[in-house]
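Student: I have just opened this one and don't know where to begin. Could you walk me through it?

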Amino acid sequence: MKKMIIFDPAMCCSTGVCGPSVDPELIRMSTVINNLEKKGITVERHGLSTNPEIFIKNKQINELINKEGVEILPVTLVDDEVIKTKGYLSNEEMAKILDVPSESLQSKPEDDGSPCCSEDNTTSDSGCCGEDGCC
């Protein structure tokens, strides 16, 4: 099985899917990754603001950022090879690389009933919730 790792730019939380104006591309990526996980395919995702040490430890990413700046992000690696920079893979590209049907990536994830924040919207493992909540 191929190993995919996405290095995200600095975002408010691990997915960037919170706050009043969410980038639709981040919603698409979150849905795709959730659907892949349901198929048993794990995509590692690291955010510059939430896990900066891995950007330093990964030699390829560290060299890319030192040479091109953080504008190179997001970067996608597959089996330690840089596949795409400055943008996320399309559903079709991801399906082809991971050998899964592209239509299976487009469906909405099933609601597992768990909110992204605690019930009082003040705490979360993702760190995206504050006094006003994010959900």
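Tutor: We can start with the sheet, go on to the helices and end with the charged pairs, keeping in mind that this is a predicted model.

Student: OK, the sheet. What is the order of its strands?

Tutor: The sheet is open and has four strands in the order S2-S1-S3-S4, with mixed pairing. Strands S2 and S4 (81–85) are the edge strands, as each of them pairs on one side only. From one strand to the next, the twist averages 20°.

Student: Do S1 and S2 run parallel or antiparallel?

Tutor: They pair in the parallel sense, over five bridges, and one place to look is Asp8, whose bridge partner in S2 is Gly47.

Student: And how many bridges join S3 to S4?

Tutor: Four bridges join S3 to S4, and these two strands run antiparallel. Within that pairing, Val75 stands opposite Thr85 of S4. The hairpin of S3 and S4 has two residues between the strands, and Asp79 there takes a positive phi near 50°.

Student: Which strands does H1 touch?

Tutor: H1 packs on the sheet and touches S1 and S2, with its direction making about 145° with that of S2. Helix H3 (residues 59–68) also packs on the sheet, where it touches S1, strand S3 (75–78) and S4, and its direction makes about 150° with that of S3.

Student: Let's stay with H1. Which of its residues are buried?

Tutor: The buried residues in H1 are Leu26, Met29, Ser30, Thr31, Val32, Ile33, Asn35 and Leu36. The buried residues of H1 pack against S1 and S2, and also against helix H4 (91–98) and helix H5 (103–106).

Student: How far apart are the end C-alpha atoms of H1?

Tutor: They are 21 Å apart, and this agrees with the span expected for the 15 residues of H1 at 1.5 Å a residue, which is also 21 Å.

Student: What happens at the two ends of that helix?

Tutor: At the N-terminal end, Asp23 caps H1, with a side-chain oxygen lying 2.9 Å from the backbone nitrogen of Glu25. Just after H1, Gly40 takes a positive phi of about 85°.

Student: Changing topic, how many salt bridges are there?

Tutor: The count comes to four salt bridges, and I can take you through some of them. In general, side chains of opposite charge can pair when their charged atoms come close.

Student: Which residue does Glu44 pair with?

Tutor: Glu44 forms a salt bridge with Lys3, and their closest N and O atoms are 3.3 Å apart. Glu44 lies in strand S2 (residues 43–47), whereas Lys3 is in the segment before strand S1 (4–8), so the pair ties together parts that are 41 residues apart in sequence. Glu44 counts as partly exposed at 28% relative accessibility, and Lys3 counts as partly exposed at 43%.

Student: What about Arg28, which residue is its partner?

Tutor: Arg28 forms a salt bridge with Glu25, the closest N and O atoms being 2.7 Å apart. Arg28 and Glu25 are three residues apart in helix H1 (residues 24–38), so about one helical turn separates them. Glu25 is partly exposed, its relative accessible area being 28%.

Student: And how far apart are the closest N and O atoms of Glu93 and Lys84?

Tutor: In that salt bridge they are 3.4 Å apart. Glu93 is partly exposed, with a relative accessible area of 34%, and Lys84 counts as partly exposed at 25% relative accessibility.

Conventions:
Residues numbered from 1 in each chain as written. Predicted model: local features only at pLDDT ≥ 70, side-chain atom pairs only at ≥ 80, totals over all residues. Heavy atoms only, no water. Salt bridge = Lys/Arg side-chain N within 4 Å of Asp/Glu carboxyl O. Buried < 20%, exposed > 50% of the residue type's maximum accessible area, 1.4 Å probe, protein only. Expected span 1.5 Å × (residues − 1). Contact = heavy atoms within 4.5 Å. Polar contact = N/O pair within 3.5 Å; in protein donor to acceptor, adjacent residues only side chain to side chain. Pairing = 2+ DSSP bridges. Axes fitted to C-alpha atoms, helices over the stretch in contact; angles between N-to-C directions.
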